Amino acid sequence: MTNTTYTVIFYLFAAITVFSAVFVVFSRNVIYSAFSLLFTFFGVAALYVFLSADFIAVTQIIVYVGGILVLLLFGVMFTNKIMMTDLKTDVLNLVPGLVLLVAITGGLIYTFLTRSEWFTTVEQLQGSVVERIGFETMSRYVLPFEMVSILLLLALIGAAFLARFDNSAKSNEK
Amino acid sequence: MNTGLLLPNSFPFVMSTSLNAWSDALSDLYLLGLPLGLVIIAAIPLVFIALYALTYGVYGERKISAFMQDRLGPMEVGKWGILQTLADILKLLQKEDIVNKSADKFLFVIGPGVLFVGSFLAFAVLPFGPAFIGADLNVGLFYAIGIVALEVVGILAAGWGSNNKWALYGAIRSVAQIVSYEIPAAIAILCGAMMAGTLSMQQFNLLQEGPYGFVHFYLFQNPIAWLPFIIYFIASLAETNRAPFDIPEAESELVAGYFTEYTGMKFAVIFLAEYGSMFMVSAIISIVFLGGWNSPLPNIGSVALNDWTSGPVWGAFWIIMKGFFFIFIQMWLRWTLPRLRVDQLMHLCWKVLTPFAFVAFVLVAVWEIYVK
């Protein structure tokens, strides 16, 4: 494909991401917001593909669309007030908000410009990215990987404990 | 997009064969500066789904179910009722497209669309033989099992948009079922990925190529491979809402589940999506465990059955036939086994399939590292 095609497709996905994200925030129907998030997640996945991060893109779809979005939809469906939620658009705390905004944006831009190592040349990827991710996870980043695993396991056990059928309380009632 | 194909450890003969020759040639086809070839590549799986769903899916399933129950099935339209599907399509086209007054119009309309797109997107990485694949991603298998997530959202949109208790219950059951069974299915597929050491669909096929046909398939290469194979098959039945896991559309409880309110072509699209994902899971299990487009026939001395039945056209034949074989088993089970209850379904997933999938995972890993 030519460069123009790539550019057109890139801006298409960027527009989908941004407009669906805007819709998530400004829609007055919670369920539409949740479904609109689907397009945001897909748009972000497509942007990852443009960065040659295909593994991350698919992981994004599995984790965010398959996991978080479905959980969110379930949660939304159990809420009482779905239609016509009042949007809170009041401007509160103008001065602290502005200070915080400028500080965070400035800090981020400063960090981006000074700390990050930008690729100044086009680098050809060697071989499969998946293998590199596997090797790095199991060698250099094995400690964070294990810590995240333990955290997730704890969350799983905690959730199972909370949702457990309470036998003792049931038998006390009788 | 074929960067993943050229792994550092890929064999010399892999490079020399004209892999993906047809789809590469098609992708370079331009008409008036527009990428016509890419459109054709996307259209081929679509036409395939439509043709197979109409012939084997609808007519075949009716006939097979009829023979299993000692009936004749459709016999009126045409000889042996072969034109029955055509009559069905005409009927579906004429049906009124009803949208409930109290339905959520937008979600009701996009629901079947999202569902079908989710089912169809997986076909992008499905190799129809050695010469044709939509996109030979190096994360092809991961993509194929992950994109199912979109179907889940489509089902929820359809169920919620219908504004009907049966539809909503059906959708919630269906989603709970698909999300739960993704876990044993993914672990079982991971066992296959460990055997191959890759996630690329074409690489999977190439690694199972060999002169002795079925002997090279992963199902017969590893003494524990039957366990993830069976786990994935059972889990794939649940993921496609097929019997005995069709509680989302249990007629006796929920009328028709999440598509209760759908009529006409929207109903047809939902069914097309279901047939699409049925073929997709069958193709995935064939590629991971049964060699995909490789011929199962062995070379016996000078009778080179394997060489005679290999090639681009034969490859397409084998992958489609393997897919159809598993779809036949899915139909067979539908008319044999009774439906599970919701609690039995969750019990099977979390207390039976998932532990066994972990056991299979460990055993396959031990075999691959220490024995092989």
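These exercises work through a predicted model with chains A and B.

**Exercise 1. Describe the secondary structure and burial of chain A.**

Solution.
- Count the elements: chain A has seven helices and zero strands.
- Read them from the N terminus: the order is α-α-α-α-α-α-α.
- Turn to burial: of the 174 residues in chain A, 14% are buried.
- Check the contacts between residues at least 6 apart in sequence: in chain A, 55% of them join residues at least 24 apart.

**Exercise 2. Compare the span of helix 1 of chain A with its expected value, then judge whether the helix is buried or in the open.**

Solution.
- Take the length: helix 1 of chain A covers residues 3-26, which is 24 residues.
- Apply 1.5 Å a residue: the expected span is 34 Å.
- Compare: the end C-alpha atoms of helix 1 of chain A are 34 Å apart, in agreement with that value.
- Count buried residues, where burial needs 20 or more other C-beta atoms within 10 Å. The number is zero, so helix 1 of chain A lies largely in the open.

**Exercise 3. Characterise the packing of helix 5 against helix 7 in chain B.**

Solution.
- Start with geometry: helix 5 (residues 105-121) and helix 7 (residues 148-161) of chain B pack at about 160°, with axes 7 Å apart.
- Classify the angle: over 145 degrees counts as roughly antiparallel, so helix 5 of chain B is roughly antiparallel to helix 7 of chain B.
- Add the hand: the crossing of these two helices of chain B is left-handed.
- List contact residues: helix 5 of chain B contributes, among them, Leu107(B), Phe108(B) and Gly111(B). Helix 7 of chain B contributes residues including Val148(B), Glu151(B) and Trp160(B).
- Sort the contact by type: 15 residues are nonpolar, five polar and one charged.

**Exercise 4. Which elements of chain B give two or more residues to the side that touches chain A?**

Solution.
- Set the scale: 23 residues of chain B are in contact with 20 residues of chain A.
- Name the elements: they are helix 6 (140-146), helix 7 and helix 8 (165-196) of chain B.
- Rank them: helix 7 of chain B gives the most, with seven residues.
- Sort the side of chain B by type: 19 residues are nonpolar, four polar and none charged.

**Exercise 5. Locate Asp70(B) and Asn163(B), and assess their exposure.**

Solution.
- Recall the background: most residues other than glycine have a negative phi.
- Take Asp70(B): its phi is positive, about 60°. Asp70(B) sits in the loop between helix 3 (36-68) and helix 4 (84-94) of chain B. It has 6 other C-beta atoms within 10 Å, so Asp70(B) is exposed.
- Take Asn163(B): its phi is also positive, about 55°. Asn163(B) sits in the loop between helix 7 and helix 8 of chain B. It has 16 C-beta neighbours inside 10 Å, so Asn163(B) is partly exposed.

Methods:
Residues are numbered from 1 along each chain as its sequence is written. Chains are lettered from A and ligands numbered from 1 in the order in which they are written. This is a predicted model: local features need pLDDT of at least 70, side-chain atom pairs count only at pLDDT 80 or more; totals for chains, interfaces and linings use all residues. Axes are lines fitted to C-alpha atoms, for helices over the stretch in contact, and angles run from 0 to 180 degrees between N-to-C directions. Helices (H or I, at least four residues) and strands (E, at least two) are DSSP runs, numbered from the N terminus. Angles under 35 degrees count as roughly parallel, over 145 as roughly antiparallel, 65 to 115 as roughly perpendicular and the rest as oblique. A crossing is left-handed if the near helix is turned anticlockwise from the far one by less than a right angle, and right-handed if clockwise. Two residues are in contact if their C-beta atoms, placed from the backbone, lie within 7 Å. Ala, Val, Leu, Ile, Met, Phe, Trp, Tyr, Cys and Pro count as nonpolar, Asp, Glu, Lys and Arg as charged, and the others, Gly among them, as polar. The expected span of a helix is 1.5 Å times one less than its number of residues. A residue is buried if 20 or more other C-beta atoms lie within 10 Å of its own, exposed if 12 or fewer, and partly exposed in between; C-beta atoms are placed from the backbone.
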